[in-house]
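Visitor: Could you take me through one part of this model closely, and show me how that part sits among its neighbours? I would like a single connected account rather than a list.

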Amino acid sequence: MIEAAVDALSWIALVAGGLFYVVGAVGLNRMPDVFTRMHAVSVGDTLGAGLLVTGMLLQAGPTLVAAKLVLIILVLLFTGSVATHALARAALQDGVRPVVAGRDGTLVQRDAAEAVLPLSAIAPAEQTSPEAEKETGRSNP
Amino acid sequence: MMFQVATVAVLIAMSLAVVRALRGPTVFDRLVAANSVGTGAVLLLSLFGFLTGRPEFLDIGLTYVLLNLIGTFAVLKFFRHGALGHPGDEDERTKVL
């Protein structure tokens with residue numbers, strides 16, 4: 001009885017984890033720029049991997065195998081966030097700018113004139129503020 | 001049976017990540033994809049250990065997860081400085097993004 005329940009929970013965790021992992025990989029292919037791709041793939045690397053390891057933990061029971069699995073998921077979670085942060089920082093320093101939605105809804109790359117703005121100014125610049133437009137000399141059709 | 005399903009899902013996701021690694025316009029796209037492939041390799045090793053009933057594969061997975069982080073940082077440092085031996089400089093570390 002308990003074994004069947006554990007098996008069912010394990011099934012759910014493994015299938016959901018695999019699903020989230022595939023969703024993250026699909027997002028990696030369909031997102032428009034490197035930052036959104038990081039965002040998409042982090043779903044698979046945290047939730048997907050976490051659920052997969054949870055499913056395996058339920059099958060392992062309280063053994064040394066379970067301890068190793070816990071160690072693997074802990075290291076995965078820590079290194080995943082650190083590596084993603086380092087990647088995003090390196091991309092920004094290298095001059096890769098986020099692709100944002102223009103006023104007419106199309107996706108546009110931040111151009112060189114706007115690249116000098118600090119990151120905090122990017123989001124407010126998307127509002128309809130005439131000052132920001134004057135500063136950067138940008139004119140959207 | 002459940003491990004077969006999860007293994008197939010991880011394999012599909014890894015092949016999709018390889019597609020992005022081959023297509024990706026910038027080197028950072030390729031790195032994101034490579035990182036994802038590394039995570040997938042760890043999960044695949046763990047699942048394969050359960051699939052074959054040999055938990056020794058978990059130790060290999062544990063090694064891979066550490067290698068993955070070191071590899072990502074090595075490649076990042078290489079593309080940032082052009083060399084792996086660069087110590088990094090002061091103003092760069094204090095620069096606020």
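Guide: What follows starts from one helix and moves outward to the contact between the two chains. The model is a predicted one, and every value below is computed from it.

The part chosen is helix 1 of chain A, which covers residues 2-30. At 1.5 Å a residue, its 29 residues should span 42 Å, and because the C-alpha atoms at its ends are 42 Å apart, the expected and modelled spans agree. Along this helix the buried residues are Ser10(A), Ala13(A), Leu14(A), Gly17(A), Gly18(A), Phe20(A), Tyr21(A), Val22(A), Gly24(A), Ala25(A), Gly27(A) and Leu28(A). What do these buried residues of helix 1 of chain A pack against? Their partners are helix 2 (34-60) of chain A and, from chain B, helix 1 (2-23) and helix 2 (27-52).

Two packed helices are described by the angle between their axes and the distance between the axes. For helix 1 of chain A and helix 1 of chain B, the axes come within 8 Å and cross at roughly 10°. With angles under 35 degrees counted as roughly parallel, helix 1 of chain A and helix 1 of chain B are therefore roughly parallel to each other. The residues that form this contact between the two helices comprise 19 nonpolar, five polar and one charged.

The partner chain deserves a description of its own. Chain B has four helices and zero strands, and its order along the sequence is α-α-α-α. Of its 97 residues, 36% count as buried, while among the contacts in chain B between residues at least 6 apart in sequence, 40% join residues at least 24 apart. Within this chain, the axes of helix 1 and helix 2 come within 9 Å and cross at roughly 160°, so helix 1 of chain B and helix 2 of chain B are roughly antiparallel to each other. The crossing of helix 1 of chain B past helix 2 of chain B is left-handed, and the residues of their contact divide into 17 nonpolar, four polar and three charged.

One residue shows this pairing in detail. Ala21(B) lies in helix 1 of chain B, and it is partly exposed because 18 other C-beta atoms lie within 10 Å. Leaving aside residues up to four places away in sequence, Ala21(B) touches Arg30(B), Ala33(B), Ala34(B) and Val37(B). From C-alpha to C-alpha, Ala21(B) and Val37(B) are 9.2 Å apart in space, although 16 residues apart in sequence.

Returning to the contact between chains, 43 residues of chain A are in contact with 38 residues of chain B. On the side of chain B that touches chain A, the elements giving two or more residues are helix 1, helix 2 and helix 3 (57-81) of chain B, and the residues of that side divide into 27 nonpolar, eight polar and three charged.

Helix 2 of chain B also meets another helix of chain A. The axes of helix 3 (residues 64-93) of chain A and helix 2 of chain B come within 11 Å and cross at roughly 175°, which means that helix 3 of chain A is roughly antiparallel to helix 2 of chain B. Residues of helix 3 of chain A in this contact include Leu69(A), Ile72(A), Leu76(A) and Gly80(A), and those of helix 2 of chain B include Phe28(B), Leu31(B), Val32(B) and Asn35(B). By class, this contact has 11 nonpolar, four polar and no charged residues.

Key: Residues are numbered from 1 along each chain as its sequence is written. Chains are lettered from A and ligands numbered from 1 in the order in which they are written. This is a predicted model: local features need pLDDT of at least 70, side-chain atom pairs count only at pLDDT 80 or more; totals for chains, interfaces and linings use all residues. The expected span of a helix is 1.5 Å times one less than its number of residues. A residue is buried if 20 or more other C-beta atoms lie within 10 Å of its own, exposed if 12 or fewer, and partly exposed in between; C-beta atoms are placed from the backbone. Two residues are in contact if their C-beta atoms, placed from the backbone, lie within 7 Å. Axes are lines fitted to C-alpha atoms, for helices over the stretch in contact, and angles run from 0 to 180 degrees between N-to-C directions. Angles under 35 degrees count as roughly parallel, over 145 as roughly antiparallel, 65 to 115 as roughly perpendicular and the rest as oblique. Ala, Val, Leu, Ile, Met, Phe, Trp, Tyr, Cys and Pro count as nonpolar, Asp, Glu, Lys and Arg as charged, and the others, Gly among them, as polar. A crossing is left-handed if the near helix is turned anticlockwise from the far one by less than a right angle, and right-handed if clockwise.
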